[in-house]
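Open the structure in your viewer and keep the selection panel at hand. We will go from one stop to the next, and each stop tells you what to select.

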Amino acid sequence: DIRYDEQGDAWVVMEYVAGASLKDTIDRNPNGLPLDQVNFWFRGIAAGTAYLHQHGIVHRDLKPGNIFEDAGCVKIGDYGLSKFISTSRRSGQTESVGTFHYMAPEIGKGVYGKEIDIYALGIVLYEMITGRTPFDGESSQEIIMKHLTADPDLSGIPQPYRSIIQRALQKDPQ
């Protein structure tokens, strides 16, 4: 919920989630999660993201640190960058959004439709399976350049996950 104080400043009321974040879980499993855990987390993340998209909301910062487990339920948090998207407002974004390791190539062009969340889901799925993100570098610019030009190494990713990641990480969202 959004509330305002007497000075007109806004603040957000959010649910407290006591469970671990996906980042905590990945950090405890540096070589990747067991596939039953990958399936548990990914089903919840995909369902939550689909719900947001069905309601016209693009999260814009999906990453393991914003995904939580609470009493057996996966929850997506941190909606600070979320944006209501209508078909007439799919571009024109001038600020950088998201976290470099999870940013879709089209963000550089100011496009921030639901495709950027799908791209981030592919990165998160890759990270859950391998324990690392597919693109890394010495600087944010190097990481962004890899998002724009490099293909991830999917050789160690089992099917059907490999196909899902490959499709989600296409450079052209169309």
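Where is the place of Asp70? Select residues 67-70: this is strand 4, and Asp70 is in it. Please keep in mind along the way that this is a predicted model.

**Around Asp70**

Is Asp70 buried or exposed? Asp70 counts as buried because its relative accessible area is 19%, and the cut-off for buried is under 20%. Now show what surrounds the residue. Leaving aside neighbours within four places in sequence, the contacts of Asp70 are Glu15, Val17, Ala18, Gly19 and Lys75.

**The whole protein**

Zoom out and colour by secondary structure. You should find five helices and six strands, and following the sequence gives the pattern β-β-α-α-β-β-β-β-α-α-α. The protein has 174 residues, of which 39% count as buried. About 10,000 Å² of the protein is exposed, with carbon and sulfur atoms supplying 51% of that area. Among contacts with a separation of 6 or more, 59% are between residues 24 or more positions apart.

**Two helices side by side**

Next, select residues 35-54 for helix 2 and residues 115-130 for helix 3. Two packed helices are described by the angle between their axes and the distance between the axes. Here the angle is about 170° and the axes are 11 Å apart, which means that helix 2 is roughly antiparallel to helix 3.

Show the side chains where the two helices meet. Helix 2 brings Val38, Trp41, Phe42, Ile45, Thr49 and His53; facing them from helix 3 are Asp117, Ile118, Leu121, Val124, Leu125, Met128 and Ile129. Sorted by class, this contact of helix 2 with helix 3 has 10 nonpolar, two polar and one charged residues.

**From Met128 to Asp27**

Keep Met128 selected and add Asp27, which lies in helix 1 (residues 22-28). How many residues apart in sequence are Asp27 and Met128? They are separated by 101 residues in sequence, while their C-alpha atoms are 9.9 Å apart in space. Asp27 is partly exposed, with a relative accessible area of 48%.

**Last stop: confidence**

Finally, colour by pLDDT. The mean for the protein is 86, and 89% of its residues reach 70 or more. Then select residues 83-97, where the pLDDT is below 50. This stretch has 31 contacts in the model beyond near neighbours in sequence. Where pLDDT is low, the predicted coordinates should not be read in detail.

Definitions and conventions. Residues numbered from 1 in each chain as written. Predicted model: local features only at pLDDT ≥ 70, side-chain atom pairs only at ≥ 80, totals over all residues. Heavy atoms only, no water. Helix = DSSP H or I, 4+ residues; strand = E, 2+ residues; numbered from the N terminus. Buried < 20%, exposed > 50% of the residue type's maximum accessible area, 1.4 Å probe, protein only. Contact = heavy atoms within 4.5 Å. Areas by Shrake-Rupley, 256 points an atom, 1.4 Å probe, with all protein chains shown as cover. Axes fitted to C-alpha atoms, helices over the stretch in contact; angles between N-to-C directions. Parallel < 35°, antiparallel > 145°, perpendicular 65-115°, else oblique. Nonpolar A, V, L, I, M, F, W, Y, C, P; charged D, E, K, R; others polar. pLDDT = per-residue confidence, 0-100.
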